[in-house]
Amino acid sequence: MKEQRMIERIAKLETINDQLTAEIQYLERLTRALGFAEGLKTLKEAALEMLQADGKKMPSEDEAK
């Protein structure tokens, strides 16, 4: 891979990383505002508990698409 192509790829990946980081930070603030004390961590725990209570298991990544 040529150097210029690698530089372009790195720039694209940095942009994607910035977007994902901003989205996660937003979701963290949102879940805390909704009352989840530890944000996404406690949201995930609550979601898993709800699935277990219903006798369901978490879908695989292929099923979720």
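In the predicted model, Glu28 forms a salt bridge with Arg32, in which the closest N and O atoms are 2.9 Å apart. Both residues belong to helix α1, which covers residues 3-33, and because they are 4 residues apart within this helix, Glu28 and Arg32 are separated by about one helical turn. Arg32 has a relative accessibility of 46% and therefore counts as partly exposed. A search of the whole structure finds 2 salt bridges, and one of them joins the side chains of Lys41 and Glu38, with an N to O distance of 3.4 Å. The two partners of this pair are each assigned to the intermediate accessibility class: Lys41 is partly exposed at 45% relative accessibility, and Glu38 is partly exposed with a relative accessible area of 41%.

With regard to charge overall, the protein carries 11 positive and 13 negative side chains, and the centres of these two sets lie 4 Å apart.

The secondary structure consists of 3 helices and 0 strands, and the order of elements along the sequence is α-α-α. The radius of gyration is 18 Å, well over the 11 Å that the globule rule gives for 65 residues, so the protein is more spread out than a compact globule. Taken along the principal axes, the box filled by the C-alpha atoms is roughly 55 × 30 × 15 Å. Buried residues account for 5% of the 65 residues, while the accessible surface comes to about 6100 Å², of which 57% belongs to carbon and sulfur atoms.

Contacts between helix α1, helix α2 and the loop that links them can be followed through three residues. Phe36 is placed in the loop between α1 and α2 and, at 24% relative accessibility, counts as partly exposed, since the buried class is reserved for values under 20%. When neighbours within four places in sequence are left aside, Phe36 is in contact with Thr31, Thr42, Leu43 and Ala46. Of these partners, Thr31 lies in helix α1, whereas Thr42 is located in helix α2, which spans residues 40-53.

Thr31 counts as buried, with a relative accessibility of 5%. Residues up to four places away in sequence being excluded, Thr31 touches Phe36, Gly39, Leu40 and Leu43. Leu43 thus appears among the contacts of Thr31 and also among those of Phe36. Thr42 is likewise buried, its relative accessible area being 17%, and under the same exclusion of sequence neighbours Thr42 touches Phe36 and Ala37. The loop residue Phe36 is accordingly listed as a partner of Thr31 and of Thr42.

Separations along the chain and in space were also computed for selected pairs. Phe36 and Glu23 are 13 residues apart in sequence, and the distance between their C-alpha atoms is 17 Å. Thr21, a residue of helix α1, is partly exposed with a relative accessible area of 34%. The C-alpha atoms of Thr21 and Glu3 are separated by 27 Å, the two residues being 18 apart along the chain.

Conventions: Residues are numbered from 1 along each chain as its sequence is written. This is a predicted model: local features need pLDDT of at least 70, side-chain atom pairs count only at pLDDT 80 or more; totals for chains, interfaces and linings use all residues. Side-chain values use heavy atoms; hydrogens and water are left out. Helices (H or I, at least four residues) and strands (E, at least two) are DSSP runs, numbered from the N terminus. The radius of gyration is taken over C-alpha atoms; the globule rule is 2.2 Å times the number of residues to the power 0.38. Buried means under 20% relative accessible area, exposed over 50%, partly exposed in between (1.4 Å probe, protein chains only). Accessible areas come from the Shrake-Rupley method with a 1.4 Å probe; for residues, only the protein chains shown count as cover. Lys and Arg count as positive and Asp and Glu as negative; His and the chain ends are not counted. The place of a charge is taken as NZ of Lys, CZ of Arg, CG of Asp or CD of Glu. A salt bridge is a side-chain nitrogen of Lys or Arg within 4 Å of a carboxyl oxygen of Asp or Glu. Contact means heavy atoms within 4.5 Å.
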